[in-house]
Amino acid sequence: MMIDPHTYAESFLPEDEVKRNARAVGEEMGATDATAGTGAYLKHLAHILSAQSVVEIGTGSGVGALWVLEGMMASGTLTSIDNEMEHSNAAKNAFLDADIAAARFRLITNPAMEVVTKLADRAYDMVIFRHNPEDLPFAINEAHRILRSGGVFVIDNFFGGSKVQDPAQRDPKTIALREAGKAIKADTESWVSSLIPTGDGLLLATKL
């Protein structure tokens, strides 16, 4: 039986039991988590960047963070921000199940955009956005501020459930994603960008 390339890529690196359990919890909660293919890509990216400090905006059940932590430096710290305490608690349980040292992560439950404004300038290697797309205009500016030169801003689920590429789709979240893509692509003095068809789309922007 022929497997299509997207399905093959998504399952190229299988998830371990901890990630599978966390994903099941996320599905029960209705949380938005990274797909296996997206997680594998972000793990690889964190490794390439020798990432010490990563910010994740939108914790979900912790699946994406589990992948990223595997790719980060052993001394690195991931800060994950979510509006929902239920999500933060699920992620904490997943990290404990994975035997991840408490010093390697910070879970913050507060309005995400308020928290981001308090993060230090040029202090982070990667910022992953998995949150309300309508916050993207603000998030793009803040990501540029807190990333080091050469750091990467990632918009996960950029295709918005396959709506972004369909010009007939005009709901606010889809428009916000589409406009964010246009803004980053056009700002060639601030970003080098690309779009990867992994999961539900990954928009990558490296800070110049």
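This passage describes the strand pairings, a buried helix face, two buried charged residues and the salt bridges of a predicted model.

Strand pairing is considered first. Strand β2, comprising residues 77-82, and strand β3, comprising residues 105-109, run parallel and are joined by five bridges. Within this pairing, I81 stands opposite I108 of β3. Between the two strands the chain passes through helix α5, residues 85-97, and the resulting β-α-β crossover is right-handed.

Strand β7, which spans residues 202-207, takes part in two antiparallel pairings. One of these is with β5, to which β7 is joined by five bridges; here V152 has T206 of β7 as its bridge partner. The other is with β6, where six bridges are found between the antiparallel strands. In that pairing, L203 of β7 is the bridge partner of L195. Strands β6 and β7 also form a hairpin, with five residues between them. The turn of this hairpin contains G199, which has a positive phi of about 60°. Strand β7 is mostly covered, as five of its six residues are buried.

Burial is also found along helix α7, residues 136-146. The buried residues of this helix are L136, A139, I140, E142, A143 and I146. Their packing partners include both strands and helices: β1 (53-57), β4 (124-129), β5 (147-156) and β6 (191-196) on the one hand, and α6 (112-116) and α8 on the other.

Two charged residues, R178 and D33, are next described with their surroundings. R178 is situated in helix α8, which covers residues 172-186. This residue is buried but has no salt bridge. The nearest side chain of opposite charge belongs to D166, at a distance of 6.2 Å. A salt bridge requires a side-chain nitrogen within 4 Å of a carboxyl oxygen. The backbone of D166 is nevertheless reached: the side chain of R178 lies 2.9 Å from the backbone oxygen of D166. A second backbone oxygen, that of Q169, is found 3.0 Å from a polar atom of the R178 side chain. When residues up to four places away in sequence are not counted, R178 touches K163, V164, D166, P167, Q169 and R170.

D33 is located in the loop between α2 (17-29) and α3 (36-48). D33, too, is buried and lacks a salt bridge; R23 provides the nearest side chain of opposite charge, 5.5 Å away. The side chain of D33 makes a polar contact of 2.8 Å with the side chain of S61. Apart from neighbours within four places in sequence, the residues in contact with D33 are R23, G26, T59, G60, S61, G62, V63 and R130.

The structure holds twelve salt bridges. Among these, K19 forms one with D16, in which the closest N and O atoms are 3.1 Å apart. K19 is buried, with a relative accessible area of 3%, whereas D16 is partly exposed at 33%. K19 forms a further salt bridge with E70, the closest N and O atoms being separated by 2.6 Å. K19 belongs to helix α2 and E70 to helix α4, residues 63-71, so this pair ties together parts that are 51 residues apart in sequence. E70 counts as partly exposed, because its relative accessibility is 39%. These residues belong to a network of salt bridges in which D16, K19, K43 and E70 are linked.

Another salt bridge is formed by the side chains of E134 and K173, with an N to O distance of 3.4 Å. This pair links distant parts of the chain, 39 residues apart: E134 lies in the loop between β4 and α7, and K173 lies in helix α8. E134 is partly exposed, with a relative accessible area of 41%. K173 likewise counts as partly exposed, at 41% relative accessibility.

Finally, the position of A9 was examined. A9 lies in helix α1, residues 5-10, and counts as partly exposed because its relative accessibility is 47%. Between A9 and K92 there is a separation of 83 residues in sequence, and their C-alpha atoms are 28 Å apart in space.

Definitions and conventions. Residues numbered from 1 in each chain as written. Predicted model: local features only at pLDDT ≥ 70, side-chain atom pairs only at ≥ 80, totals over all residues. Heavy atoms only, no water. Pairing = 2+ DSSP bridges. Helix = DSSP H or I, 4+ residues; strand = E, 2+ residues; numbered from the N terminus. Right-handed = clockwise from strand over helix to strand, strands pointing away. Buried < 20%, exposed > 50% of the residue type's maximum accessible area, 1.4 Å probe, protein only. Lys, Arg positive; Asp, Glu negative; His and termini not counted. Polar contact = N/O pair within 3.5 Å; in protein donor to acceptor, adjacent residues only side chain to side chain. Contact = heavy atoms within 4.5 Å.
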